[in-house]
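Q: Could you take a close look at the largest pocket in this model for me? I'd like to know what lines it and how the parts around it are put together.

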Amino acid sequence: MTEELVAVYDADGNAVGAEPRSRVYAEGLWHASAGVLVRSMDGARLYVHRRTITKAVFAGMHDCLAGGVVDPGETPVQAATRELAEELGISGPPLTALASTAWDGQWAGKPMRCHLYAFEAHWDGPIRHQPEEIVDGWWWTDEELAAHLADPAWPFVPDTRVLIGDLLRLRQHR
């Protein structure tokens, strides 16, 4: 079985090739991921989920972005659309870009460098978890999520933890 390829980027956010996922993670190669913040149709709640313990990175942690790495030849919005359908069984809602910034960081002591593209979708329909990816999920208000995030020991994926404060503040200014 051939290992999954991940689009490799340069530090400026330009796609420059593709490498096996294991090499991207082991060597800290720049790559991109796209995530979708799912809100209820009235905007009052957002969907938070817990990742399976079998995930390669951030296993068993909570997240509020359904997403994953950008595949070779794929745009961030295409990746976000694909991941939203795969992870939560949500297809069809329009995606709105939340942030155009990207950053690099070190999470859990690993040199993962990733450009993150964040989108928002509104949805009140059914949610169907991909069993290999997600164990459970809940609808929370921004305040409920903020209360959990105030506890640094709460197991929340570190890349989203870095971004979520800005995403919630962006929403307040709309």
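A: Quick bit of vocabulary before we dive in: a pocket here is an open set of grid points with protein on both sides within 12 Å along at least five of seven lines, and its volume is the space filled by probe spheres set on the points. Keep in mind that this is a predicted model.

With that in hand, the largest pocket comes out at a volume of about 460 Å³. It has 29 lining residues, and the ones closest to its centre are Tyr 25, Arg 51, Gly 67, Gly 68 and Val 69. Sorted by class, the lining has 12 charged, 11 nonpolar and 6 polar residues.

Where does that lining come from? Six elements each put in at least two residues: helix 1 (21–27), strand 3 (31–39), strand 6 (65–69), helix 2 (76–88), strand 8 (114–122) and helix 4 (158–172). For context, the chain as a whole has 4 helices and 9 strands, and along the sequence they run β-β-α-β-β-β-β-α-β-β-β-α-α. Out of 174 residues, 47% count as buried.

Let's zoom in on helix 2, one of those contributors. This helix is 13 residues long and spans 17 Å from first C-alpha to last, close to the 18 Å you'd expect at 1.5 Å a residue. Its buried residues are Pro 76, Ala 79, Ala 80, Glu 83, Leu 84, Glu 87 and Leu 88. Looking down the helix axis, these buried residues sit within an arc of 130°, so they line one face of helix 2.

Next, the stretch leading into strand 8. Met 112 is in the loop between strand 7 (96–99) and strand 8. Despite being in a loop, Met 112 has a relative accessible area of 6%, so it counts as buried, the cut-off being under 20%. Its C-alpha is 7.9 Å from that of Glu 27, although the two residues are 85 apart along the chain. Glu 27 falls within the range of helix 1 (21–27), another contributor to the pocket lining.

Finally, strand 3 (31–39) supplies lining residues too, and Arg 39 at the end of that range takes part in a contact with helix 3 (residues 142–149), where Asp 142 lies. The side chains of Asp 142 and Arg 39 are joined by a polar contact of 2.9 Å. Asp 142 is itself buried, because its relative accessible area of 13% falls under the 20% cut-off.

Notes:
Residues numbered from 1 in each chain as written. Predicted model: local features only at pLDDT ≥ 70, side-chain atom pairs only at ≥ 80, totals over all residues. Heavy atoms only, no water. 1 Å grid on protein atoms, 1.4 Å probe; cavity = no way out; pocket = protein on both sides within 12 Å on 5 of 7 lines; lining within 4 Å. Nonpolar A, V, L, I, M, F, W, Y, C, P; charged D, E, K, R; others polar. Buried < 20%, exposed > 50% of the residue type's maximum accessible area, 1.4 Å probe, protein only. Polar contact = N/O pair within 3.5 Å; in protein donor to acceptor, adjacent residues only side chain to side chain. Expected span 1.5 Å × (residues − 1). Arc of directions from axis to C-beta.
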